[in-house]
Amino acid sequence: MKEDILSTEEYLSQLDESNVILFFKEHIENLCHTAFKLIYQLRSYWKYNQKTVSESDCIAQCMLQMGLLRTKSILNLLKGQSLLENSNLLIQDIPSILSVLRSYYELCFTFHNIFITQQSDAEREIVLSIWEIRGLQNRQGLNNVPEEYKEKEVKEKNEIENLKNKVSVLLLQLKVHDNVIKDCKKILDYKGTSLKGYYFVKLNGEITGIKAIHVDNGINQIICDDDAKNLYRLTSSHIHSSFLSVMQFGQMFNDNINSYVKTIIKSTYILLATILYDFCCYSNDAYIILNQIDKDTFETLSYILKENKI
């Protein structure tokens, strides 16, 4: 197995773009099959053993499922769209595919930040709570909503306060500096929609600060492959209604569209490998089950991500 993995880069260098695309599509499908099987067996294991599943476990496996669905959506969109009935002409809507790919990257960034970057359960619970508060705050103060949604808004407002109190208790348990508590309060009170991750600054093992990392700058935490490292900016320049995106759309079909497809398919493969690997690093139950399904998969994922400096 390892010899096969080690020869992959050399093998791909001998293929043209079309065959590189086919290579990654086949591996993505195989990885999807393994991941779906993992989720099914993991949920069955939890149910059979009547295991009390933590909120973070529930969120993590939901995010993995979302990643798998995004993967499948990208593969389906890459098949192309027929604009004329009974026509064999299929057009690949690259900007729409890039929209899905961008949301996939954001999902992987968020998962990695919450479940992998944090170095203790308490730190993870704090960052997870910040993420939950940000999400719930986006539904506060909406206008012209049905009465039942107003009742939900009140309940979620109370939930936000409970989460803030939870963070305060966790910070006391960690015995952080006063400036960290003040910085956390500012973060908790922030009502913007900007997607950010957070990490704790430490000196000699002691937490001395908490810093934000914007999703745009987080790409190097999970992807450093040459074809994918500009993924966030690449998708931004295509999916917004700017002059640049319209101009690029017009030019796209005059170029070799396979260059776009190659970047998309390889990025999709790396993102799927990342979130699956991260999930198994986070969940020991998932790690055990994955090794029962295919003992070589985890080693393969580890090598793939190491090669891409993830």
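**Exercise 1. An aromatic pair in helix α5**

How many residues apart in helix α5 are tyrosine 105 and phenylalanine 109, and what separation in helical turns follows?

Solution. The model is predicted, with residues numbered from 1 along each chain as its sequence is written; local features need pLDDT of at least 70, side-chain atom pairs count only at pLDDT 80 or more, and totals for chains, interfaces and linings use all residues. Side-chain values use heavy atoms, with hydrogens and water left out.

Step 1. Helices are DSSP runs of H or I with at least four residues, strands are runs of E with at least two, and both are numbered from the N terminus. Helix α5 covers residues 94-117. Tyrosine 105 and phenylalanine 109 are four residues apart in this helix, so about one helical turn separates them.

Step 2. A pair of aromatic rings is described by the distance of the centres and the angle of the planes. Rings of Phe, Tyr and Trp (its six-membered ring) pair if their centres lie within 6.5 Å; planes under 30 degrees apart count as stacked, over 60 as edge-to-face and the rest as tilted. By this rule there are six aromatic pairs. Phenylalanine 23 and phenylalanine 24 form an edge-to-face pair, with 5.4 Å from centre to centre and 85 degrees between the planes. For tyrosine 105 and phenylalanine 109 the centres are 6.3 Å apart and the planes stand at 40 degrees, so this pair is tilted.

Step 3. Buried means under 20% relative accessible area, exposed over 50%, and partly exposed in between (1.4 Å probe, protein chains only). Tyrosine 105 has a relative accessible area of 0% and is therefore buried. Phenylalanine 109, at 1%, is buried as well. Phenylalanine 23 and phenylalanine 24 are both buried.

Step 4. One aromatic cluster consists of Phe111, Phe115, Phe279 and Tyr282.

**Exercise 2. Arginine 102 and its surroundings**

Determine the partner of arginine 102 in a salt bridge, and describe the setting of both residues.

Solution. Step 1. A salt bridge is a side-chain nitrogen of Lys or Arg within 4 Å of a carboxyl oxygen of Asp or Glu. Arginine 102 is bridged to glutamate 106, and their closest N and O atoms are 3.6 Å apart.

Step 2. Both residues belong to helix α5, where they lie four residues apart, about one turn of the helix.

Step 3. Arginine 102 has a relative accessible area of 13% and is therefore buried. Glutamate 106 has 22% and so counts as partly exposed.

Step 4. Contact means heavy atoms within 4.5 Å. Not counting residues up to four places away in sequence, arginine 102 touches Tyr232, Thr235, Ser236, Ile239 and His240.

**Exercise 3. Two further salt bridges**

Describe where the partners lie in the bridge of arginine 139 with glutamate 156 and in the bridge of aspartate 189 with lysine 185.

Solution. Step 1. The whole structure holds ten salt bridges. In the bridge between arginine 139 and glutamate 156, the closest N and O atoms are 2.3 Å apart. This pair links distant parts of the chain: arginine 139 is in the loop between α6 (121-137) and α7 (147-174), while glutamate 156 is in helix α7, 17 residues apart.

Step 2. Arginine 139 is partly exposed at 42% relative accessible area, whereas glutamate 156 is buried at 7%.

Step 3. Aspartate 189 and lysine 185 meet in a salt bridge of 2.9 Å, N to O. Both are in helix α8 (residues 178-189), four residues apart, about one turn of the helix. Aspartate 189 is partly exposed at 32%, and lysine 185 is exposed at 51%.

Step 4. A network of salt bridges links Asp121, Arg124, Glu125 and Lys166.

**Exercise 4. The chain as a whole**

State how many helices and strands the protein chain has, and what percentage of its residues is buried.

Solution. Step 1. The protein chain has 14 helices and four strands.

Step 2. Of its 310 residues, 43% count as buried.

Step 3. Among contacts between residues at least 6 apart in sequence, 72% join residues at least 24 apart.
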